[in-house]
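Here is a set of short exercises to work through with the structure open beside you. Try each task yourself before you read its solution.

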Amino acid sequence: MLLNLLLGCSRFLNKVSGSIAMLLIVYILGHILLEIVLRFFGTSTYVLDEFVGYAVATLTFLGLGYSLERGSLIRVGLIIERLPSSKRWIFDLFATLASLAMFAWIYSYWQTNVLRSFKRGTTSESIMETPLWIPQGLVLVGLGLLCFTLFTHALILLFRQQSPEISSPHE
């Protein structure tokens, strides 16, 4: 019951983050087109590279959990395909726990970085002087969602001894 609740929560959060990542792609397109039009008139938003950079970083990290959940991340099956089907979950559990440990470490490091930027009031050097904790915080949210997805995946592997079903994009 608890595993189903965690899995449902993970899938919902990843669906939301995947949708936000998709909207960020639309934003990037819109900002680039706006910049092209403005340059025909000799002006600019002056923040295209900065904001598009923030959007790319955010959509990359927000999309990681979504991609993992749908089996869209690159996975080398050279070893796992040679194992008997009944034992593949053990290798998958090891890979999931190793990934979780690595991304949890990155999360803790990045969290320190976000808090430092917030406390110091660090801003970008552009004309907008964007508080850096905002884009850094969005990356942190993506890392947190990925860690939650990996944690949920590990629990399901441990207790069900099989990989969770990959959700389809239409669910």
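One thing before we start: this is a predicted model.

**Exercise 1. A salt bridge along a helix**

Task: Work out how far apart R39 and E35 sit in helix α1, and describe how their side chains meet.

Solution:
- Step 1. Start with the positions: R39 and E35 are four residues apart in helix α1, so about one helical turn separates them.
- Step 2. Now look at the side chains, which meet in a salt bridge with an N to O distance of 3.0 Å. The cut-off for a salt bridge is within 4 Å.
- Step 3. Check how covered each partner is. R39 has a relative accessible area of 54% and is exposed, because exposed means over 50%. E35 has 2% and is buried, because buried means under 20%.

**Exercise 2. Another salt bridge**

Task: Find the salt bridge made by E69, and decide whether its two residues are buried or exposed.

Solution:
- Step 1. The partner of E69 is R70, and their side chains meet at 2.8 Å, N to O.
- Step 2. Both E69 and R70 are buried.
- Step 3. By the salt-bridge rule, the count comes to two.

**Exercise 3. How do the helices cross?**

Task: Describe how α1 and α2 pack, then do it again for α3 and α4.

Solution:
- Step 1. Recall what to look for: two packed helices are described by the angle between their axes and the distance between the axes.
- Step 2. For α1 and α2, the axes come within 8 Å and cross at roughly 155°. That makes α1 roughly antiparallel to α2, because angles over 145 degrees count as roughly antiparallel.
- Step 3. The crossing of α1 and α2 is left-handed.
- Step 4. Turn to helix α3 (residues 88-120) and helix α4 (residues 133-160): their axes come within 8 Å, with a crossing angle of roughly 155°. α3 and α4 are therefore roughly antiparallel to each other.
- Step 5. The crossing of α3 and α4 is left-handed.

**Exercise 4. Positive phi in the loops**

Task: Say where Y46 and E129 lie, and give the phi of each residue.

Solution:
- Step 1. Y46 is in the loop between α1 and α2 (48-69). Its phi is positive, about 65°, although Y46 is not a glycine.
- Step 2. E129 lies in the loop between α3 and α4. Here phi is near 50°, again a positive value in a residue other than glycine.
- Step 3. Add the accessibility: Y46 is exposed at a relative accessible area of 56%, and E129 counts as exposed at 52%.

**Exercise 5. A nonpolar patch**

Task: Name the residues that make the nonpolar surface patch, and place I36 in the structure.

Solution:
- Step 1. The patch covers about 750 Å² and is made by L29, I32, L33, I36, V37, F40 and F41.
- Step 2. I36 lies in helix α1, which spans residues 2-40.
- Step 3. With a relative accessible area of 44%, I36 is partly exposed. This is enough for a patch residue, because the cut-off there is over 30%.

**Exercise 6. A distance along and across**

Task: Find how far E50 is from I20, along the chain and in space.

Solution:
- Step 1. Locate E50: this residue is found in helix α2, where it is buried, with a relative accessible area of 11%.
- Step 2. E50 and I20 are 30 residues apart along the chain, and their C-alpha atoms are separated by 19 Å.

Key:
Residues are numbered from 1 along each chain as its sequence is written. This is a predicted model: local features need pLDDT of at least 70, side-chain atom pairs count only at pLDDT 80 or more; totals for chains, interfaces and linings use all residues. Side-chain values use heavy atoms; hydrogens and water are left out. Patches are made of residues with over 30% relative accessible area and no salt bridge: like charges are joined within 9 Å, nonpolar side chains (Val, Leu, Ile, Met, Phe, Trp, Tyr) within 5 Å. Accessible areas come from the Shrake-Rupley method with a 1.4 Å probe; for residues, only the protein chains shown count as cover. Helices (H or I, at least four residues) and strands (E, at least two) are DSSP runs, numbered from the N terminus. Buried means under 20% relative accessible area, exposed over 50%, partly exposed in between (1.4 Å probe, protein chains only). Axes are lines fitted to C-alpha atoms, for helices over the stretch in contact, and angles run from 0 to 180 degrees between N-to-C directions. Angles under 35 degrees count as roughly parallel, over 145 as roughly antiparallel, 65 to 115 as roughly perpendicular and the rest as oblique. A crossing is left-handed if the near helix is turned anticlockwise from the far one by less than a right angle, and right-handed if clockwise.
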